[in-house]
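Visitor: I should like to understand how the descriptive terms applied to a structure follow from the values behind them. May we take them one at a time?

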Amino acid sequence: GNPLRAQVVAALRAAVGDVAAEVYSSSSAEAGNRKWRILIPLARLIPGADYSDTQAALFALLEREGLTCDHTLARTAQVAYLPNVASKRRGADGRPLFYEFEHVAGELLDVEGSGAIVAERTALRARREEEARAAALAAVRDREQRAARAAALGDNFDPVDHFNDSHSVEETLQR
């Protein structure tokens with residue numbers, strides 16, 4: 001999308017309440033193609049093990065409010081640049097051709113105290129666990145079907161099926 005800064009702030013408020021934030025346009029943003037970054041100071045650190053899921057939960061909440069989020073930012077090693085505007089996006093006077101920002105006053109975000117983020121993160125993890133269970137069941141069914149097929153073939157030996165029956169993908173990747 002191409003939301004106005006006020007729409008970004010409103011979506012942030014609707015998603016996580018009255019929290020402090022810095023909302024600013026990215027260096028590649030233009031008046032007709034607005035792109036935003038939101039920095040939210042935290043009341044408490046997020047453990048590294050929770051970071052990606054917490055960020056994904058925040059993105060889900062923001063997306064429900066109409067924003068499109070860059071999910072690469074859920075990676076712990078993803079660089080997020082502070083406000084900057086490249087020289088090619090500046091006028092002859094050195095001022096940015098397009099740059100907007102807003103300091104949003106509010107409380108520091110306490111992720112663990114935020115029912116919405118914690119609930120979304122818990123639901124995300126539950127969905128992921130259910131998907132893993134379904135994949136494991138599908139793998140068992142697949143192995144059983146291959147075994148039944150091999151038994152039905154009798155003396156016909158299929159080396160591909162034999163290899164697949166004898167080696168798991170996990171074991172093969174580990175080797």
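Visitor: Why does arginine 133 count as partly exposed?

Guide: This is a predicted model, and every value here is computed from it. The relative accessibility of arginine 133 is 46%. Partly exposed covers the range between under 20%, which is buried, and over 50%, which is exposed; arginine 133 therefore counts as partly exposed.

Visitor: What makes the pairing of glutamate 130 and arginine 133 a salt bridge?

Guide: Their side chains meet at 3.1 Å, N to O. The limit is 4 Å, so the pair qualifies as a salt bridge. Both residues lie in helix H3, 3 residues apart, about one turn of the helix. In general, an α-helix has 3.6 residues a turn, so residues three or four places apart point the same way. Glutamate 130 is also partly exposed, with a relative accessible area of 43%.

Visitor: How do you know that arginine 146 is buried, and which residue does arginine 146 meet in a salt bridge?

Guide: Arginine 146 has a relative accessible area of 11%, and buried means under 20%; arginine 146 is therefore buried. Its salt-bridge partner is aspartate 142, at 2.7 Å, N to O. The two lie 4 residues apart in helix H3, about one turn of the helix. Aspartate 142 is partly exposed, at 37%.

Visitor: Which salt bridge links distant parts of the chain?

Guide: One such pair is arginine 5 with glutamate 102, whose side chains meet at 3.2 Å, N to O. Arginine 5 belongs to helix H1 and glutamate 102 to strand S3, and the two are 97 residues apart. Arginine 5 has a relative accessible area of 27% and is partly exposed; glutamate 102, at 27% relative accessibility, also counts as partly exposed. The structure holds 15 salt bridges.

Visitor: Why is arginine 34 described as having no salt bridge?

Guide: The nearest side chain of opposite charge, glutamate 100, is 4.5 Å away. A salt bridge must fall within 4 Å, so this pair does not qualify. Arginine 34 is nonetheless buried. Arginine 34 lies in the loop between S1 and S2, and its contacts beyond four places in sequence are Gly1, Asn2, Pro3, Leu4, Ala29 and Phe98.

Visitor: How do you know that the length of H1 agrees with expectation?

Guide: At 1.5 Å a residue, the 12 residues of H1 should span 16 Å, and the end C-alpha atoms are 17 Å apart, which agrees.

Visitor: Which residues of H1 are buried, and what puts them on the same side?

Guide: They are Val8, Val9, Ala11, Leu12, Ala15 and Val16. These residues cover an arc of only 160° around the axis, which puts them on the same side of H1. What covers them includes S1, strand S2, H2, strand S3 and helix H3. Just after H1, glycine 17 takes a positive phi of about 90°.

Visitor: Which members of the largest nonpolar core touch the most other members?

Guide: Among its 23 residues, these are Val16, Ile40, Leu62 and Ile117. Helix H1, strand S1 and helix H2 each give two or more residues to this core, and H1 supplies the largest share, 6 residues. Beyond its neighbours within four places in sequence, valine 16 is in contact with Leu58 and Ile117.

Methods. Residues numbered from 1 in each chain as written. Predicted model: local features only at pLDDT ≥ 70, side-chain atom pairs only at ≥ 80, totals over all residues. Heavy atoms only, no water. Core = buried A, V, L, I, M, F, W, Y, C linked by side-chain atoms within 4.5 Å. Buried < 20%, exposed > 50% of the residue type's maximum accessible area, 1.4 Å probe, protein only. Contact = heavy atoms within 4.5 Å. Expected span 1.5 Å × (residues − 1). Arc of directions from axis to C-beta. Lys, Arg positive; Asp, Glu negative; His and termini not counted.
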